[in-house]
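Got the viewer open? Grab the mouse and follow along, one selection at a time.

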Amino acid sequence: SIMKEFSSAPELEKQLAAALNLQSCNVVSGNADESDWVKSELGRACVSRLKEVIKEGQVISVTGGSTMNAVAEAFTEKLNKENLLFVPARGGIGADIKDQANTICQKMANKAGGNYTVLYSPDQVTKEFYETFIQESSIREVLMKIKSADIVIHGIGDAMTMARRRMTSEEDMQKLVQEKAVAEAFGYYFDENGRIVHKVQTVGLQLEDLKNIPHIFAVAGGASKAKAIKAYMKIAPKNTVLITDEAVTNEILKG
Ligand code: BG6
């Protein structure tokens, strides 16, 4: 395996960061596609990076997904700082409830001893719904919190896997195929050059909001996500810390 070709994980991490033009990344061993413990390791690695930056009173915004759930599982009271607030990055009713951003926020807050807010909104909304919904003062308040987050923790998905999970319409599916979508993050779909080819109208964090976020952690592993990670990292803010596994690293470094 690649772990043997390189002397150590820090060396591998440096190589991956250089290949993706990022300042920093973490590589855990294994392949998240093959074993659940790799996802748990990704969660633990994320928590230890978080511990280095998290401060009293900060707002942490998180997406949904099974990887984020693993991050929540790895949370401990050691992360506890006064007045932390966990907010879902986006509405996401429709997904498996344990993998919804709302549920994950609650779990993180409970484990770290902080507060949380919820954002009840379908994952995918119409333009009309969106315009009306964001006029609600309670929604506005949550959206302001989301956009002013100090820390964002998010997943990255393979485009087609996510499109299927979201029960995307036949029309949009065809568009994704035609445009050669390979990656998904925050409801945006990207081709291998990191070009946005489709966007699901969602309530919450938008891609352009990321440039104001001081600390960003992208957590994704499994060889099946290698293409997606490589594509998304082409447009990811440079302060994104990627937390991934050996299988992804292997795929990306072999080119
Ligand atoms: C979703 C995020 O909930 O999780 C997506 O909103 C991401 O942007 C996905 O692609 C990843 O899911 P998983 O289960 O592979 O961690």
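Contact here means heavy atoms within 4.5 Å. Helices (H or I, at least four residues) and strands (E, at least two) are DSSP runs, numbered from the N terminus. What you have loaded is a predicted model, where local features need pLDDT of at least 70, side-chain atom pairs count only at pLDDT 80 or more, and totals for chains, interfaces and linings use all residues. Residues are numbered from 1 along each chain as its sequence is written, and side-chain values use heavy atoms, with hydrogens and water left out.

**Stop 1: the parallel sheet**

Start with the strands. Two strands pair if DSSP finds at least two bridges between them. Seven of them make an open sheet with parallel pairing, in the order 1-11-10-5-2-3-4. Color the edges next: strand 1 (24-28) and strand 4 (115-116) each pair on one side only.

Now zoom in on strand 2 (residues 59-62) and strand 3 (residues 85-88), a parallel pair with four bridges. Show I60 and you'll find F86 of strand 3 standing opposite.

Then select helix 11 (residues 246-253), which lies across strand 1 and strand 11 (240-245) and runs at about 105 degrees to strand 11. For that angle and those that follow, axes are lines fitted to C-alpha atoms, for helices over the stretch in contact, and angles run from 0 to 180 degrees between N-to-C directions.

**Stop 2: helix 10 against helix 11**

Keep helix 11 on screen and add helix 10 (residues 226-233). The two pack at an angle of about 70 degrees, their axes 9 Å apart. That makes helix 10 roughly perpendicular to helix 11; the bins are under 35 degrees for roughly parallel, over 145 for roughly antiparallel, 65 to 115 for roughly perpendicular, and oblique for the rest.

Which residues of helix 10 and helix 11 meet? Select A226, I229 and K230 on helix 10, and V248, E251 and I252 on helix 11. By class, this contact of helix 10 with helix 11 has four nonpolar, no polar and two charged residues. (Ala, Val, Leu, Ile, Met, Phe, Trp, Tyr, Cys and Pro count as nonpolar, Asp, Glu, Lys and Arg as charged, and the others, Gly among them, as polar.)

**Stop 3: the antiparallel sheet**

Next up is an open sheet of four strands, antiparallel, ordered 6-7-8-9. Strand 6 (157-158) and strand 9 (196-199) are the edge strands, each pairing on one side only. Strand 8 (residues 188-191) runs antiparallel to strand 9 and is joined to strand 9 by three bridges. Pick Y189 and look across to H198 in strand 9, which stands opposite.

Helix 9 (residues 170-178) packs on this sheet, touching strand 7 (181-185), strand 8 and strand 9, and its direction makes about 170 degrees with that of strand 9. Helix 10 turns up again here: it packs on the sheet, touching strand 6, strand 7 and strand 8, with its direction at about 70 degrees to that of strand 7.

**Stop 4: helix 4 and its partners**

Hide the sheets and show helix 3 (residues 36-53) with helix 4 (residues 66-74). Their axes come within 7 Å and cross at roughly 60 degrees. That makes helix 3 oblique to helix 4. On the helix 3 side, select K39, S40, L42, G43, R44, C46 and V47; on the helix 4 side, S66, T67, A70, V71 and A74. Sorted by class, the contact of helix 3 with helix 4 has six nonpolar, four polar and two charged residues.

Swap helix 3 for helix 5 (residues 101-112): the axes of helix 4 and helix 5 come within 8 Å and cross at roughly 15 degrees. That makes helix 4 roughly parallel to helix 5. M68, N69, V71, A72 and E73 in helix 4 meet I104, K107, M108 and K111 in helix 5.

**Stop 5: a ring pair**

Last selection: F129 and F133, both in helix 6 (residues 127-133), four residues apart, about one turn of the helix. Rings of Phe, Tyr and Trp (its six-membered ring) pair if their centres lie within 6.5 Å; planes under 30 degrees apart count as stacked, over 60 as edge-to-face and the rest as tilted. The structure holds four aromatic pairs. The rings of F129 and F133 have centres 4.8 Å apart and planes at 25 degrees, so this pair is stacked.
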